[in-house]
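Colleague: Got a minute to go through this one with me? I'd like to hear the reasoning as well as the answers.

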Amino acid sequence: LGQEDIRDIAAYFSSQEIKPDAQGKSSAGKKLYEGGNRYSRTPACASCHGPNGVGNGPGGIPSLVGQKSGYTAKTLRDFKSGARSNDRSGMMQAIAEKLSDKEIKAVAVFIAGMGS
């Protein structure tokens, strides 16, 4: 693809309306997202991704709003296992290593419902 094609595709996807998963309700996920887990020393997701999950723009901390729970859970599991390593300085790998499977599922469900 040429640069103009890439810009057109990016513009198209940027203009799409985000439709959160209305079933994404998880009090355990909300607690982890907003406050982390002091026992495992897991930081709050909101400390980087923001209280509303919008991150800080292209090339920075990504937005989580509108992500499906399956995608988020797989991404966290991949960071945890080392299958994914495209994060700055291994930050997400270090965080995901501290998450239990139950916590991954809970935060993924909460993120899927953000904005609904």
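**Patches, pairs and bridges**

Modeller: Let's start at the surface: Leu1, Ile6, Ile9, Tyr12 and Phe13 make a nonpolar patch of about 580 Å². Keep in mind that this is a predicted model.

Colleague: Take Ile6, then. Which helix is Ile6 found in, and is Ile6 buried, partly exposed or exposed?

Modeller: Ile6 sits in helix α1, which covers residues 3–14. Its relative accessible area is 41%. Buried would need under 20% and exposed over 50%, so Ile6 comes out as partly exposed.

Colleague: How many aromatic pairs does the structure hold, and are the rings of Tyr12 and Phe13 edge-to-face or stacked?

Modeller: There are two aromatic pairs. For Tyr12 and Phe13, the ring centres are 5.1 Å apart and the planes meet at 75 degrees. Angles over 60 degrees go in one class, so this pair is edge-to-face.

Colleague: And how do Tyr12 and Phe13 rank, buried, partly exposed or exposed?

Modeller: Tyr12 has a relative accessible area of 48%, which makes it partly exposed. Phe13 is at 58%, and the cut-off for the top class is over 50%. That's why Phe13 counts as exposed.

Colleague: What about the rings of Tyr33 and Phe110: stacked, tilted or edge-to-face?

Modeller: Their centres lie 5.6 Å apart, with the planes at 45 degrees. Stacked takes under 30 degrees and edge-to-face over 60, so the Tyr33 and Phe110 pair is tilted.

Colleague: How many residues apart in sequence are the parts that this pair ties together?

Modeller: Tyr33 belongs to helix α2, while Phe110 belongs to helix α6 (residues 101–112). Both Tyr33 and Phe110 are buried. The pair therefore links parts whose separation in sequence is 77 residues.

Colleague: On to charges. How far apart are the closest N and O atoms of Glu34 and Lys30?

Modeller: The structure holds two salt bridges. Glu34 and Lys30 are four residues apart in helix α2 (residues 27–35), about one turn of the helix. Glu34 is partly exposed at 47%, and Lys30 is partly exposed at 40%. The closest N and O atoms of their salt bridge are separated by 4.0 Å.

Colleague: Which residue forms a salt bridge with Asp78?

Modeller: Look for a partner four residues away in helix α4 (residues 69–81), about one helical turn from Asp78. The closest N and O atoms are 2.6 Å apart. The partner is partly exposed, at 45% relative accessible area, and its name is Lys74.

Note on methods
Residues are numbered from 1 along each chain as its sequence is written. This is a predicted model: local features need pLDDT of at least 70, side-chain atom pairs count only at pLDDT 80 or more; totals for chains, interfaces and linings use all residues. Side-chain values use heavy atoms; hydrogens and water are left out. A salt bridge is a side-chain nitrogen of Lys or Arg within 4 Å of a carboxyl oxygen of Asp or Glu. Helices (H or I, at least four residues) and strands (E, at least two) are DSSP runs, numbered from the N terminus. Buried means under 20% relative accessible area, exposed over 50%, partly exposed in between (1.4 Å probe, protein chains only). Patches are made of residues with over 30% relative accessible area and no salt bridge: like charges are joined within 9 Å, nonpolar side chains (Val, Leu, Ile, Met, Phe, Trp, Tyr) within 5 Å. Accessible areas come from the Shrake-Rupley method with a 1.4 Å probe; for residues, only the protein chains shown count as cover. Rings of Phe, Tyr and Trp (its six-membered ring) pair if their centres lie within 6.5 Å; planes under 30 degrees apart count as stacked, over 60 as edge-to-face and the rest as tilted.
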